[in-house]
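Colleague: Could you take a close look at the cysteines in this model for me? I am new to this, so please go step by step.

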Amino acid sequence: LADKFPEIKKAYAEANKLLGDVIKVTPSSKVVGDLAQFMVQNKLTPEMVLDRAEELSLPSSVIEFMQGYLGEPYGGYPEPLRSKILKGMARVSGRPGASMPPLDFTSLKLQLQEKYGAKIQVQDWDVLSAALYPTVLDEYLDFRSEFGPVDCLETRLFLTGPKIAEECEVNLEKGKSISIKPLAVGDLNKMGQREVFFEMNGQLRSVLIKDNQALKEMHFHPKALKGVKGSIGAPMPGSVVDIKVKEGDEVKKGDPLVVLSAMKMEMVVKAPIDGVVKKVSAEKGMSLEGDDLLMDIE
């Protein structure tokens, strides 16, 4: 959606009105932003969101906001939107933290150390992050485990990468640095990888790097059939976090089918009709584009 930023800005204002002009702090502003991106991706007007709220697979952050997990907004919740979204879902009254059970920080730290201790020294701030944003922290620590301390790189190098023959100095710690100079990039192989040749401290090295952009271009997945309610597609580009049903299962309208993660937000794709799951076309961990087929219900 990077090329649709002007549309997202306009949709942000519309989503804000839909949500009752909520006071913006980090969690609530993200709720508005998630809804705005969802509206742009699925070409929805505010009127369409209100009319179809009962059947839309809205971002989890929007649903949790309506449930009261962020606390009660000043001025109350927007109706009838809230009632249409929640239907029979649980609701929290008052301050959410007041009814939460105590958290065992020692146990949580041990869990993180068991999972990441071999590669990363788990700090107290990691434990706090895990308590507040478990999915985000897992993604961050998985990334750090795979790629190392990329915070040593300058911002431009991290975001765009170095140019061929550009010599880069990377400071690992005080008094310790390495020199990296990219030399050439090989052709794409059958695994979607390219061999990158470079010098490190004057010595020739090479490494195989996955070309994510090329993999997207190579991506082929059946699309959901437009106008067929039982042909269920991904509402946004993202990855499959969980699949709640299997082939042959009976489902009712509104039952959760698939959990997707897209652009730092999760959404639960719900059954648009009653029926039986005929075929599941998605797999856990799979990366999908918008409208890629998730499953068929008949």
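Modeller: Here is a walk through the cysteines, followed by a short visit to a sheet and a surface patch.

Please keep in mind that this is a predicted model. A disulfide is a covalent bond between the sulfur atoms of two cysteines. Searching the whole structure for such bonds turns up zero disulfides. To see why, start at Cys-152: the closest cysteine sulfur belongs to Cys-168 and lies 14 Å away, which is too far for a bond. For a disulfide, the two sulfur atoms would have to be within 2.5 Å. Looking from the other end, Cys-168 is in no disulfide either, and its nearest cysteine sulfur is that of Cys-152. Their surroundings can be described too. Cys-152 counts as partly exposed because its relative accessibility is 24%, while Cys-168, at 8%, counts as buried.

Now to the sheet. Four strands make up an open sheet, in the order E9-E8-E6-E11, with antiparallel pairing. Strand E9 (265-270) and strand E11 (287-288) are the edge strands, so each of them pairs on one side only. Strand E6, residues 238-243, is joined to E11 by two bridges in the antiparallel sense. Within this pairing, Gly-238 has Leu-288 of E11 as its bridge partner.

Finally, the surface. A nonpolar patch is formed there by Leu-103, Phe-105, Leu-128, Leu-132, Tyr-133 and Val-136, which together have about 590 Å² of accessible area. One of them, Leu-103, sits in the loop between helix H5 (81-86) and helix H6 (105-116). With a relative accessible area of 46%, Leu-103 is partly exposed.

Key. Residues are numbered from 1 along each chain as its sequence is written. This is a predicted model: local features need pLDDT of at least 70, side-chain atom pairs count only at pLDDT 80 or more; totals for chains, interfaces and linings use all residues. Side-chain values use heavy atoms; hydrogens and water are left out. Buried means under 20% relative accessible area, exposed over 50%, partly exposed in between (1.4 Å probe, protein chains only). Patches are made of residues with over 30% relative accessible area and no salt bridge: like charges are joined within 9 Å, nonpolar side chains (Val, Leu, Ile, Met, Phe, Trp, Tyr) within 5 Å. Accessible areas come from the Shrake-Rupley method with a 1.4 Å probe; for residues, only the protein chains shown count as cover. A salt bridge is a side-chain nitrogen of Lys or Arg within 4 Å of a carboxyl oxygen of Asp or Glu.
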